[in-house]
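Colleague: I am new to this structure, so please keep to a single part, the second largest pocket, and what connects to it. Which residues lie nearest its centre?

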Amino acid sequence: FKMSTFHAFTLLQDSYVNMPFQSWELRPLGPNSALLTITAAISEVQITIKDDQCMLNIANTENNLSHIRGHWMTPSGLMRAMRRAGVNVFADEHSDRYVSVNEKAHQAEQAAYEQMALLSSVFAFAWSRWNAACGKDHLVIQVSEHLKTEPVAEEEWALYLLSARRSLRLKITEYSSAFEADLAEGTEFHSTFLHMVKDGISDSVLERVNQSRPLFIDCVHKLL
């Protein structure tokens, strides 16, 4: 912009301009390592997580983030740095006052975040369009056991319906024509998503889950 004379001026940006998100994905990169990808309204952000540290990965065109891009930080440190740079992709207690969101039961939502963090060394998670159709007391997410570093193939995703009381694998897929809460064939209801996943994985995968370090789990949970 141009100014004809020198005056004090203020630049303002909507703190929630990047919300709601278009999509998100969390996938493992190895033991105690994961990649969180957020496609927001005007930005696409990737955050690499390793043990108790995280690092911002974003296109080089974002020159205003050069001072934080590629630097390992704590989750709280990265959140502060990104907000100061004008890229806020982290919801807070006031977000729902300014952004139209798909409201969910707090207990179910927090339980899902905790269990996703516990399993994030082995399982990939992603948003589902059916999350908006399942009601306030339930969440729908895409899940895939993923021991590779490359992206998850479309056919490898499965849909899970989570709530504070029980969890189940859905019969429908992300591309079904309508939402139905029918149980997938050969599966059962479980009291929690964590128990459901652990009931169907091999001993080697379970061992890798159990080897996840508490600091890594806490780092993922804070970013979620």
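Modeller: On a 1 Å grid over the protein atoms alone, a pocket is an open set of points with protein on both sides within 12 Å along at least five of seven lines, while a cavity is a set where a 1.4 Å probe fits but cannot get out; lining residues have an atom within 4 Å of a point. The model is predicted, so local features need pLDDT of at least 70 and side-chain atom pairs pLDDT 80 or more, whereas totals for chains, interfaces and linings use all residues. Residues are numbered from 1 along each chain as its sequence is written, and side-chain values use heavy atoms, without hydrogens or water.

The second largest pocket has 18 lining residues, and those nearest its centre are Tyr160, Arg169, Met196, Val197 and Gly200. Its space is about 330 Å³, a volume being what is filled by probe spheres set on grid points joined across faces, edges and corners. Strand E7 (139-145), strand E8 (158-162) and helix H4 (193-198) each supply at least two lining residues; E7 gives the most, with three. Helices (H or I, at least four residues) and strands (E, at least two) are DSSP runs, numbered from the N terminus. The lining holds eight nonpolar, five polar and five charged residues. Here Ala, Val, Leu, Ile, Met, Phe, Trp, Tyr, Cys and Pro count as nonpolar, Asp, Glu, Lys and Arg as charged, and the others, Gly among them, as polar.

Aromatic rings come next. Rings of Phe, Tyr and Trp (its six-membered ring) pair if their centres lie within 6.5 Å; planes under 30 degrees apart are stacked, over 60 edge-to-face, the rest tilted. The structure holds three such pairs. In one of them, Trp130 and Phe179 are tilted, 6.1 Å centre to centre with 40° between the planes. Trp130 is in the loop between strand E6 (123-126) and E7, and Phe179 in the loop between strand E9 (167-169) and H4, so this pair ties together parts 49 residues apart in sequence. Trp130 is buried at 8% relative accessible area, and Phe179 is partly exposed at 23%. Buried means under 20%, exposed over 50%, and partly exposed in between (1.4 Å probe, protein chains only).

Tyr160 pairs edge-to-face with Phe193, at 5.4 Å centre to centre and 75° between the planes. Because Tyr160 lies in strand E8 and Phe193 in helix H4, the pair ties together parts 33 residues apart in sequence. Both residues are buried, and with Phe125 they form one aromatic cluster.
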